[in-house]
Amino acid sequence: MMCSSGGTTRLISTDSGRRTLDFPQRPYPDLCNPSKRPHRQRRMLGELEKGVRIMAFTLQLGRQAPNFRLPATDGKTYELSDFDDAEVLVVFFTCNHCPYVIGSDEVTRQTVEKFAPRGVKFVGINSNSESTYAEDDFEHMVARMNEHKFPWLYLYDEPQEVAKAYGALRTPHFFVFDRDRRLIYTGRSVDNPRDAARIRANDLERALAEHLAGKPISVPLTNPIGCNVKWEGKDPHWMPVEACDLV
């Protein structure tokens, strides 16, 4: 994950598992803006420059897909191993209410239908707090799937633990994993998810096509575009302080 500030890009990574630093819970842009970082943040990022590595909020490229066990709108419960037969697994964080989700769902449907015959499976996960938006609750998830019959599974992450494990930033936010379930792409699906008529780039489809053709993914990181994940007990616009843009 990269935090960009004033033309400087910082790579935040770790070689030995996830470690959470106790940053003050300030609004999302502060970590990426040196002038607004509290002293303790500046000291910790100074340690990074001296060789101390810290883990970014969002899952790093090359990392294994975190496991999950979540209920779905079809009445079943699914975990990561249920998709072992998939050549590629796309996990994406979504919801019911966000206009960026609603505006791009049909584009996502087309992508699923295009790549499903090639062994790509899609799993949507709703981690939004129903306390923030009541329409993001499980009952509305079931109703939405019954109405639209989307060609993906729709799972409910009520405790928000899966969103934290993956480092989901927005809805929608896509994570693409290879046959070994290592992350090969994360970010947006398209450049204008709110208005399909204005889409000029489909980064998700490009990444899938390149990988399935045996080519390296030319752009493995993009910034997700959408509504931020709605965290339980937080302001609707709150994001974890570690959650910088990916590029």
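User: Before we get to Gln-160, what counts as a helix or a strand here?
Analyst: Helices are DSSP runs of H or I with at least four residues, strands are runs of E with at least two, and both are numbered from the N terminus. The model is a predicted one.

User: OK, so where does Gln-160 lie?
Analyst: In the loop between strand 7 and helix 4 (161-166). Gln-160 is not a glycine, yet its phi is positive, about 70°.

User: Is Gln-160 buried or exposed?
Analyst: Buried: the relative accessible area of Gln-160 is 5%, and the cut-off for buried is under 20%.

User: And Lys-149, what is its phi?
Analyst: Near 50°, again a positive value in a residue other than glycine. Lys-149 sits in the loop between helix 3 (138-148) and strand 7 (153-156). Lys-149 is exposed, with a relative accessible area of 59%.

User: Switching to the sheet. What's the strand order?
Analyst: The order is 7-6-5-9-10, an open sheet of 5 strands with mixed pairing. Strand 7 and strand 10 (183-187) are the edges, each pairing on one side only. From one strand to the next, the twist averages 20°.

User: Which helix touches strand 5, strand 6 and strand 9?
Analyst: Helix 2 (residues 99-115), which packs on the sheet with its direction at about 155° to that of strand 6. Helix 3 packs on the sheet too, touching strand 6 and strand 7, and its direction makes about 175° with that of strand 7.

User: Do strands 5 and 6 run parallel or antiparallel?
Analyst: Parallel, with 7 bridges joining strand 5 (residues 88-94) to strand 6 (residues 120-126). Leu-89, for example, has Lys-121 in strand 6 as its bridge partner.

User: Last one: where is the cis peptide bond?
Analyst: Between Thr-171 and Pro-172, with omega about 0°. Pro-172 is in the loop between strand 8 (170-171) and strand 9 (173-177).

Conventions:
Residues numbered from 1 in each chain as written. Predicted model: local features only at pLDDT ≥ 70, side-chain atom pairs only at ≥ 80, totals over all residues. Heavy atoms only, no water. Buried < 20%, exposed > 50% of the residue type's maximum accessible area, 1.4 Å probe, protein only. Pairing = 2+ DSSP bridges. Axes fitted to C-alpha atoms, helices over the stretch in contact; angles between N-to-C directions. Contact = heavy atoms within 4.5 Å.
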